[in-house]
Amino acid sequence: MAGEPQDDCLFCKIVSGTIPATIVRETETTVAFRDINPQAPTHILVIPKAHHQDAAALASAAPEIAADVLRETRAVADEEKLESYRVVFNTGSGAGQTVWHAHAHVLGGRGMEWPPG
């Protein structure tokens with residue numbers, strides 16, 4: 001069920017504390033932690049504590065939590081002193097989503113090319 005923790009979800013296990021992560025911020029509705037395979041000098045994931053498959057599902061089911069996730073990307077960037085940064089939501093395997101729990105990537109600390117991918 002949407003919003004409920006999933007036993008087989010890596011990010012749900014990080015939220016519950018059963019899998020460790022380098023947490024940089026936490027709110028009532030979100031957790032932000034360093035990516036274990038960083039693609040930039042700063043690469044932090046911001047996730048909702050509630051389980052939703054992807055960003056589109058999160059936005060449909062809980063727009064207020066989707067807004068919290070986006071607000072936290074800014075807070076993370078500010079704390080990391082990033083003058084510019086990129087926020088990426090991969091939705092679906094063709095877009096590179098590998099963990100089926102909505103999450104935003106905050107990437108910074110180097111120039112970003114356009115178009116991405």
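In this predicted model, 5 strands (DSSP runs of E, at least two residues, numbered from the N terminus) form an open sheet in the order β1-β2-β3-β5-β4 with antiparallel pairing, where two strands pair if DSSP finds at least two bridges between them. Because β1 (23-26) and β4 (85-88) stand at the edges with a single partner strand each, one side of each is left without a neighbour in the sheet. Neighbouring strands are turned by 20° against each other on average, direction ignored, with axes taken as lines fitted to C-alpha atoms, for helices over the stretch in contact, and angles running from 0 to 180 degrees between N-to-C directions. Strand β1 is joined to the antiparallel strand β2 (residues 30-34) by 3 bridges, and E26 stands opposite V31 in β2. Residues are numbered from 1 along each chain as its sequence is written. Because the model is predicted, local features need pLDDT of at least 70 and side-chain atom pairs count only at pLDDT 80 or more, whereas totals for chains, interfaces and linings use all residues, and side-chain values use heavy atoms, without hydrogens and water.

Within strand β5 (residues 104-108) lies H105, which counts as buried at 12% relative accessibility (buried means under 20% relative accessible area, exposed over 50%, partly exposed in between, with a 1.4 Å probe and protein chains only).

Turning to the cysteines, a search of the whole structure finds 0 disulfides, a disulfide being a pair of cysteine sulfur atoms within 2.5 Å. For C9, the nearest cysteine sulfur is that of C12, 3.6 Å away; C9 counts as buried at 5% relative accessibility, and C12 counts as buried at 7%.

Technical notes:
Helices (H or I, at least four residues) and strands (E, at least two) are DSSP runs, numbered from the N terminus.
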